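Subject: Structure for you to look at

Hello,

Here is the structure I said I would pass on. Please open it first, then read the notes below with it on your screen.

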Amino acid sequence: MIKKLSIGVVIPSYNEGQDLINTLRSIMNQTSSFAEIVVVDDSSDGTDKLVSLTFGEKVKLIHRERPLGRCSARNLGIKISTADVIVILNADVCLPQNFCEQLQKKYSKEECDALGVESVITNTEHAYARYLEAIHRSYPREKLGWTEGFSVRRSAFLKTRGFPDGYPLPILAGEDGQFVNDLISMGAQLCFDFDLKVTTVMPENWPTIESQIRGRASLRTLHFVYNKSLLEILIRSIIKQIRRLIILTTFIPFCWRLFWLWSHFNHGWKDLVNYSRYEFYVEWLRSHQEWIDLIKLFHLHKKNSSSLFDIFFKSPSELTPNVINK
């Protein structure tokens with residue numbers, strides 16, 4: 001008799017009270033119950049108390065007084081989990097009622113070490129959400145690695161380095177790709193089921209949109225995780241700025257990009273204007289955040305009494321070996 005796999009859920013949370021409550025309700029409302037639900041909460045807005053009052057002991061809640069970032073939260077949650085398979089969710093992702101049941105079938109019948117699924121943005125009445133949904137639909141399926149609703153066998157996770165954590169500056173982006181690359185390099189079998197869909201919502205107010213865009217800047221990941229010197233990422237940033245300017249100021253490539261997105265998802269001709277606006281916003285904000293991160297990295301190494309030559313030409317593993325060579 002084949003042992004039934006236990007499926008658990010790990011959710012990092014940071015000041016996402018109501019979104020997290022909605023996600024947890026979708027987890028509770030399953031045709032086949034999850035074995036455990038672990039929430040690692042770094043919030044300062046009372047999210048931990050809201051979760052405790054709403055769900056009590058149904059949720060294993062770990063509240064940390066000091067925010068240590070999404071990567072740290074995921075690693076901690078998975079390490080303390082006892083389930084065979086872990087679903088790694090963000091606090092704004094909701095599951096269909098048969099999600100746990102379908103995962104049990106998929107992992108039992110196929111030699112999967114990790115499973116990616118389809119995600120659908122639900123609040124597409126908002127222009128920014130439509131823009132992101134258009135990007136998602138235009139992205140080639142064969143290039144997908146990480147997805148919302150991603151799950152992994154705990155045994156496979158423990159063979160990897162986990163999500164990049166413990167660096168002098170928290171990793172803002174690219175941690176998912178690094179984790180998937182680790183799985184692939186160790187020979188793990190990645191499966192995808194795009195008929196299995198999870199839903200998510202995108203921010204609608206500008207401060208939250210700006211925060212999300214800035215959070216996708218990946219220079220910290222290149223520097224610390226992939227061990228690139230400050231000079232290497234500086235040259236890369238300059239090349240990216242030039243490329244962005246060429247695309248955004250050259251009529252044909254920019255129009256082609258807009259029509260490509262618009263053809264995949266839109267609510268009418270006005271979305272051509274909306275998409276062009278967000279293209280400019282996204283590129284400008286990510287560029288701005290990259291330069292901010294470059295300055296932060298410079299000051300970080302300067303604070304450690306490194307010379308200008310060392311700061312620019314040495315890799316971070318040479319500058320801070322105890323942190324990088326883990």
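Helices and strands here are DSSP runs, numbered from the N terminus; a helix needs at least four residues and a strand at least two. By that count, Gln-18 lies in helix α1, which covers residues 17–28. Please keep in mind that this is a predicted model.

Gln-18 is a convenient place to start. Is Gln-18 buried, partly exposed or exposed? Its relative accessibility is 47%, and partly exposed means between 20% and 50%, so Gln-18 counts as partly exposed. Setting aside residues up to four places away in sequence, Gln-18 touches Arg-25 and Leu-50. Leu-50 is 32 residues from Gln-18 in sequence, while the two C-alpha atoms are 8.7 Å apart in space.

Now the whole chain. The protein chain has 15 helices and eight strands. Its C-alpha trace spans about 60 × 55 × 40 Å along the principal axes. A compact globule of 326 residues would have a radius of gyration near 20 Å, and the 21 Å of this chain agrees with that. Buried residues make up 50% of the 326. Of the contacts with a separation of 6 or more, 77% join residues 24 or more positions apart.

On the outside, the chain exposes about 16400 Å², and carbon and sulfur atoms supply 57% of that area. The chain carries 40 positive and 36 negative charges, and the mean positions of the two sets are 3 Å apart.

Next, the inside. Which residues have the most contacts within the largest nonpolar core? They are Phe-150, Val-152, Phe-163, Phe-179 and Leu-183, in a core of 34 residues. Elements that give two or more residues to this core include β2 (36–41), α3 (70–80), α7 (175–185) and α12 (270–303). The element that gives the most is α9, with four residues. Leaving out neighbours within four places in sequence, Phe-179 is in contact with Trp-146, Phe-150, Val-152, Phe-157, Thr-160, Gly-162 and Phe-163. There is also a second, separate core of 30 residues, and Leu-5, Ile-7, Cys-100 and Val-117 are among them.

Two helices are worth following residue by residue. In α3, the buried residues are Cys-71, Ser-72, Ala-73, Arg-74, Asn-75, Gly-77 and Ile-78. These pack against β1, β2, β4, α6 and α7. In α4 (residues 99–109), Phe-99, Cys-100, Leu-103, Gln-104, Lys-106 and Tyr-107 are buried. The cover over the buried residues of α4 includes β1 (7–13), β4, β6 (114–121), β7 (151–153) and β8 (190–200). When you look along a helix, remember that an α-helix has 3.6 residues a turn, so residues three or four places apart point the same way.

Last, two loop residues with positive phi. Asn-15 sits in the loop between β1 and α1. Its phi is near 55°, a positive value in a residue other than glycine. Asn-15 counts as partly exposed because its relative accessibility is 31%. Where is Asn-227? It is in the loop between α9 and α10. Asn-227 has a positive phi of about 60°, although it is not a glycine. At 27% relative accessibility, Asn-227 also counts as partly exposed.

Regards

Conventions: Residues are numbered from 1 along each chain as its sequence is written. This is a predicted model: local features need pLDDT of at least 70, side-chain atom pairs count only at pLDDT 80 or more; totals for chains, interfaces and linings use all residues. Side-chain values use heavy atoms; hydrogens and water are left out. The radius of gyration is taken over C-alpha atoms; the globule rule is 2.2 Å times the number of residues to the power 0.38. Buried means under 20% relative accessible area, exposed over 50%, partly exposed in between (1.4 Å probe, protein chains only). Contact means heavy atoms within 4.5 Å. Accessible areas come from the Shrake-Rupley method with a 1.4 Å probe; for residues, only the protein chains shown count as cover. Lys and Arg count as positive and Asp and Glu as negative; His and the chain ends are not counted. The place of a charge is taken as NZ of Lys, CZ of Arg, CG of Asp or CD of Glu. A nonpolar core is a set of buried Ala, Val, Leu, Ile, Met, Phe, Trp, Tyr and Cys residues joined through side-chain atoms within 4.5 Å.
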